[in-house]
Amino acid sequence: MGKIEKINKLAEKGKTNQLAAFVKDKDKNVRLAAIEGLRKVPETEESLNALIGLEDDNDVEIRKAVAITLGHSHGSYVETHLRYRLSHETDENVLAAIRESLANIKQEAQ
């Protein structure tokens with residue numbers, strides 16, 4: 001079984017912390033699959049920290065995926081990090097994803 005298949009199984013089983021370990025894999029596709037998998041499972045402090053640790057990644061696609069996934073989270077901790085990224089992000093696509101995620105969080109809070 002390949003890593004991406006394993007990630008999909010972990011997501012199906014709700015194994016949040018095991019999924020979080022894959023966000024630092026060398027293979028970009030594995031990292032993206034793990035980030036997407038974290039959207040589907042209950043969030044934990046470890047998973048949020050793993051995602052937030054990728055906000056400064058060199059790869060625009062990774063940063064965008066992180067912003068989208070964080071938009072499915074709850075709480076002021078995530079919102080604070082996304083707001084911080086608004087003033088530090090340079091890519092317009094990532095900025096759009098951050099704004100959309102902040103809107104999602106605000107809507108969920110209502």
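Here are some exercises with worked solutions on the helices of this predicted model.

**Exercise 1. Work out how H4 and H5 cross, and which residues make the contact.**

Start with what to look for: a packed pair of helices is described by the angle between the axes and the distance between them.

- Step 1: find the two helices. H4 runs over residues 45-52 and H5 over residues 60-70.
- Step 2: look at the axes. Those of H4 and H5 come within 10 Å and cross at roughly 145°.
- Step 3: get the hand. The H4 and H5 crossing is left-handed.
- Step 4: pick out the contact residues. H4 puts in Leu 48, Leu 51 and Ile 52, while H5 brings Val 66, Thr 69 and Leu 70.
- Step 5: sort them by type. The contact of H4 with H5 comes out as five nonpolar, one polar and no charged residues.

**Exercise 2. Check the span of H7, then find its buried and exposed sides.**

- Step 1: do the length check. H7 covers residues 92-109, which is 18 residues, and at 1.5 Å a residue the expected span is 26 Å. The C-alpha atoms at its ends are 26 Å apart, so the helix agrees with expectation.
- Step 2: list what is buried, using under 20% relative accessible area as the cut-off. In H7 that gives Val 94, Leu 95, Ala 97, Ile 98, Ser 101, Leu 102 and Ile 105.
- Step 3: ask where they sit around the axis. Their arc is only 160°, and therefore they lie on the same side of H7.
- Step 4: recall the spacing rule behind such a pattern. With 3.6 residues a turn in an α-helix, residues three or four places apart point the same way.
- Step 5: turn to the other side of H7. Exposed there are Glu 92, Glu 100, Lys 106 and Gln 107.
- Step 6: see what lies over the buried residues of H7. The cover includes H5 and H6 (76-86).

**Exercise 3. Take Ile 98 of H7 and describe its surroundings.**

- Step 1: place the residue. Ile 98 lies in helix H7.
- Step 2: check burial. Its relative accessible area is 2%, so Ile 98 counts as buried.
- Step 3: collect the partners, skipping residues up to four places away in sequence. Ile 98 touches Ala 67, Leu 82, Arg 85, Leu 86 and Glu 89.
- Step 4: try a residue further along the chain. Ile 98 and Lys 26 are 72 residues apart in sequence, and their C-alpha atoms are 24 Å apart.

**Exercise 4. Do the same side-by-side analysis for H6.**

- Step 1: name the buried residues of H6. They are Val 78, Leu 82 and Arg 85.
- Step 2: look at the arc. These residues cover only 55° around the axis, which means they are on the same side of H6.
- Step 3: flip the helix over. The face of H6 turned away from the buried side has Ser 76 and Thr 80 as exposed residues.
- Step 4: find the packing partners. The buried residues of H6 pack against H4, H5 and H7.

**Exercise 5. Contrast Val 30 with Lys 28, two residues of H3.**

- Step 1: set the scene with the helix itself. H3 has 12 residues and reaches 17 Å between its first and last C-alpha, close to the expected 16 Å.
- Step 2: list the buried set of H3. It consists of Val 30, Arg 31, Leu 32, Ala 33, Ala 34, Ile 35, Gly 37 and Leu 38. These buried residues pack against H1 (3-13), H2 (16-20), H4 and H5.
- Step 3: compare accessibility. Val 30 is buried at 3%, whereas Lys 28, at 29%, is partly exposed.
- Step 4: compare contacts, again ignoring residues up to four places away. Val 30 touches Lys 3, Ile 4, Ile 7, Phe 22 and Asp 25. Lys 28 is in contact with Asp 59, Glu 61 and Ile 62.
- Step 5: put a distance on one of those contacts. Lys 28 and Glu 61 are 33 residues apart in sequence, with 9.2 Å from C-alpha to C-alpha.

**Exercise 6. Find what Asp 91 contacts outside its own stretch of chain.**

- Step 1: place Asp 91. It sits in the loop between H6 and H7.
- Step 2: leave out neighbours within four places in sequence. Asp 91 then has contacts with Val 60 and Arg 63.
- Step 3: check the distance to Glu 79. The C-alpha atoms of Asp 91 and Glu 79 are 19 Å apart, with their positions 12 residues apart along the chain.

Terms used: Residues are numbered from 1 along each chain as its sequence is written. This is a predicted model: local features need pLDDT of at least 70, side-chain atom pairs count only at pLDDT 80 or more; totals for chains, interfaces and linings use all residues. Side-chain values use heavy atoms; hydrogens and water are left out. Axes are lines fitted to C-alpha atoms, for helices over the stretch in contact, and angles run from 0 to 180 degrees between N-to-C directions. Helices (H or I, at least four residues) and strands (E, at least two) are DSSP runs, numbered from the N terminus. A crossing is left-handed if the near helix is turned anticlockwise from the far one by less than a right angle, and right-handed if clockwise. Contact means heavy atoms within 4.5 Å. Ala, Val, Leu, Ile, Met, Phe, Trp, Tyr, Cys and Pro count as nonpolar, Asp, Glu, Lys and Arg as charged, and the others, Gly among them, as polar. The expected span of a helix is 1.5 Å times one less than its number of residues. Buried means under 20% relative accessible area, exposed over 50%, partly exposed in between (1.4 Å probe, protein chains only). The arc is that of the directions from the helix axis to the C-beta atoms.
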